[in-house]
Amino acid sequence: MKDVITRNKARMEQSIDVFKRELAGVRSGRATISILDGIHVEYYGTMTPLNQVATLQAPDANLLTAQPWDLSLLAAIEKAIRKSDLDLNPANDGKVIKIPIPPLNEERRQKLIKHIHKLAEDSRNGLRMIRRDANEEIKKLEKEKKISQDDERRGLEQIQKLTDDHTTRIEELLKKKEQDLKTV
C-alpha cells in the first residue's frame with residue numbers, strides 16, 4: 001500500500017509542477033521569458049518551442065528579446081509571437097526580435113484572471129482523478145486480501161489528506177498569481 005501512496009503523491013507533485021509552469025506562462029505585465037514558453041515556431045517542418053531555436057532574454061522590465069540561432073527564422077518567430085494570445089507586438093532589426101511588454105489594461109487583466117481560475121480548476125480535476133485511481137488501487141488490494149480493512153481505511157484517509165494538501169497548494173499559487181495580476 002505504501003507504494004500506491006508514494007506513487008500517487010509523486011503524480012500529485014507533477015500536477016502541481018505543471019500548474020506552476022502554466023501560471024508562469026501567464027503574462028503579468030512584467031517581462032519574463034517564461035511567458036513565451038507556449039510559443040512554437042515551425043523549424044524544418046516541425047513545430048519547435050521558441051526557446052529551442054532562439055536565445056531569449058529580458059534586458060529590462062518592459063522588454064523581451066529573441067535572438068534566433070538561424071536568421072531565416074526571424075519572420076516565423078515574429079509571426080508565431082503575433083499569433084499567440086499574449087497581445088504582443090514584436091519588431092525585428094534583422095538580427096534580434098524586440099518584444100515590448102505593454103502594461104495590462106483592465107479588460108485583459110480580467111481575462112487573465114478568468115484564465116488562471118480555469119487552469120486551477122483543471123489542476124484540481126487532475127488531483128481528483130489521481131485520488132480516484134489511488135482509491136481504486138487501495139480497494140483492489142483489500143478485495144484481493146493483500147491488506148486489511150483497517151489498512152484500506154488508513155490508505156484512503158492518507159490519499160484524501162494528500163489530495164487536500166495539494167489542493168491547498170493550488171489555491172495558494174492561484175491567489176498569489178491573481179494578486180500579481182491585480183497589482184501590476
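In this predicted model, the buried residues of helix α4 pack against two other helices, α1 and α3. Helix α4 covers residues 149-183, and its buried positions are Glu152, Gly155, Ile159, Leu162, Thr163, His166, Ile170, Leu174, Lys177, Glu178 and Leu181. Readers who scan that list will find Ile159, Ile170 and Leu174 in it, along with the charged residues Glu152, Lys177 and Glu178. With 35 residues, α4 reaches 51 Å from its first C-alpha to its last, close to the 51 Å expected at 1.5 Å a residue.

One of the partners of α4, helix α3, can be described in the same way. Helix α3 spans residues 106-143, which gives it 38 residues. From first C-alpha to last it reaches 55 Å, close to the 56 Å expected at 1.5 Å a residue. After α3 comes Lys145, a residue with a positive phi, near 60°.

The other partner, helix α1, takes in residues 2-24, and Ser15 lies within it. Is Ser15 buried or exposed? Its relative accessibility is 15%, and since buried means under 20%, Ser15 counts as buried. Leaving aside residues up to four places away in sequence, Ser15 touches Ser123, Leu127 and Ile130. These three contacts of Ser15 have numbers that fall within the range of α3, residues 106-143.

It helps to set these helices in the chain as a whole. The chain holds 4 helices and 6 strands, and from the N terminus on its elements run α-β-β-β-β-α-β-β-α-α. The radius of gyration is 22 Å, well over the 16 Å that the globule rule gives for 184 residues, so the chain is more spread out than a compact globule. Along the principal axes, the C-alpha atoms fill a box of roughly 70 × 40 × 20 Å.

Burial and contacts can also be considered over the full chain. Of its 184 residues, 39% count as buried. Where contacts link residues at least 6 apart in sequence, 64% of them join residues at least 24 apart. The contacts of Ser15 with Ser123, Leu127 and Ile130 are examples of this kind of pairing across the sequence.

Finally, the surface and the charges deserve a look. About 10,900 Å² of the chain is exposed, and carbon and sulfur atoms supply 51% of that area. The chain carries 35 positive and 31 negative charges, and the mean positions of the two sets are 1 Å apart.

Conventions:
Residues are numbered from 1 along each chain as its sequence is written. This is a predicted model: local features need pLDDT of at least 70, side-chain atom pairs count only at pLDDT 80 or more; totals for chains, interfaces and linings use all residues. Side-chain values use heavy atoms; hydrogens and water are left out. The radius of gyration is taken over C-alpha atoms; the globule rule is 2.2 Å times the number of residues to the power 0.38. Buried means under 20% relative accessible area, exposed over 50%, partly exposed in between (1.4 Å probe, protein chains only). Contact means heavy atoms within 4.5 Å. Accessible areas come from the Shrake-Rupley method with a 1.4 Å probe; for residues, only the protein chains shown count as cover. The place of a charge is taken as NZ of Lys, CZ of Arg, CG of Asp or CD of Glu. The expected span of a helix is 1.5 Å times one less than its number of residues.
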